[in-house]
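Here's a quick tour of one protein, written for someone fairly new to reading structures. Take a look at the model first, then work through the notes below.

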Amino acid sequence: MRAYIGTPIALMLATFATAAQAECVPSFVAGGNSVTLTPAGSFDDGRLNERFYVRLRNDGDTVCELRLAVGRDIAASDADFPSYELFGPNGSVTVNSTDAARTSERSAVDIVIPVRGETSIPYDVRMKLGWGFESGIYDQALEFFLTARTGQSELATQRTQLSLNIPAIARIRFAGAGNARGSTSVEMGTLSPNGVSTSPPFAIRVLSTAGYQMDLESQNAGALRRVDGPEVIPYRMMVSGRPMNLKGGGDRIQVASHTGSTGNVHPVSVVVDPDPTMHAGNYRDRITVTVTPM
């Protein structure tokens, strides 16, 4: 009787040990990722490409042949996060909500994790950036999950946070003005002693990811000075229809919000009132324009 009872217990233990050795035990390494996306240099190039890896481990005794899918947690993501493309080992990956990703073949890639080993799956975030975006930090929450090749049951999940940092930067462009000796110049032509003289149309174009202030500083306190003499001719400058007070050396314009993709255009005009006592000669003033994002 004792031998009969002991035999099935031994068989049950042997069967349990064989099943345990045949398991695939997948998991994500490090528990989560944080990927910082920062545009390089000026927004004129307009592109960002950042690579990150999803690391996986198999603590089991058999090879894991699984699917790695990715979706977006809409509730934890900024609605105004700029559009982007995600590329995996097989090319473009469709990033829908997490629920849609579970059933979409384009959201997943087949993977193999060796016995007691690890594997790293590369993903690339590609984004087209340019002027028109507002400075700040934008977050996008991606959810990666492992499933069997057949079926949708989740074996493990991991969150990856994409944080896009758009810096506060500004640039100046001039329209309708020429270049002379490395600087932008506006030629007034011959000033009339009897009528008002007006500069040809030109403008300052500002591109900024934030609100900005534009400072204009006059070398001669709002006057044209004769190149080879002490005589000066006062002038009036209008920027976006606003008179600039340059007599104290400079004036400022402030704009509260960031610009669109084509920037803000500030028309500029320079007016010289007639004066029959003007001394003949070449007159100049240097205006320094500085734009600072706020």
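Which residue in S10 stands opposite Phe-144? Keep in mind that this is a predicted model. The residue facing Phe-144 is Gln-158.

**The sheet**
- Strand S9 (residues 136–148) and strand S10 (residues 154–166) run antiparallel, and 12 bridges hook them together.
- Both belong to an open sheet of 5 strands, ordered S2-S10-S9-S4-S7, with mixed pairing.
- Out at the edges sit strand S2 (32–37) and strand S7 (108–113); each has a single partner strand, so one side of each has no neighbour in the sheet.
- Going from one strand to the next, the twist averages 25°.

**The largest pocket**
- Rolling a probe the size of a water molecule over the atoms shows where empty space is left.
- The largest pocket holds about 1300 Å³ of space.
- Its lining has 38 residues, and those nearest the centre are Ser-185, Val-186, Tyr-283, Arg-284 and Asp-285.
- Sorted by type, the lining residues of this largest pocket come to 20 nonpolar, 11 polar and 7 charged.
- Several strands each give at least two residues to that lining, including strand S13 (183–185), strand S15 (202–208) and strand S22 (264–272).

**The second largest pocket**
- The second largest pocket has about 320 Å³ of space.
- It's lined by 22 residues, with Gly-222, Ile-233, Pro-234, Tyr-235 and Arg-236 nearest its centre.
- Strand S18 (232–234), strand S19 (236–239) and strand S20 (242–244) are the elements giving two or more residues to this lining.
- The lining of the second largest pocket splits into 13 nonpolar, 4 polar and 5 charged residues.

How values were computed
Residues numbered from 1 in each chain as written. Predicted model: local features only at pLDDT ≥ 70, side-chain atom pairs only at ≥ 80, totals over all residues. Heavy atoms only, no water. 1 Å grid on protein atoms, 1.4 Å probe; cavity = no way out; pocket = protein on both sides within 12 Å on 5 of 7 lines; lining within 4 Å. Points joined across faces, edges and corners; volume = space filled by probe spheres on them. Helix = DSSP H or I, 4+ residues; strand = E, 2+ residues; numbered from the N terminus. Nonpolar A, V, L, I, M, F, W, Y, C, P; charged D, E, K, R; others polar. Pairing = 2+ DSSP bridges. Axes fitted to C-alpha atoms, helices over the stretch in contact; angles between N-to-C directions.
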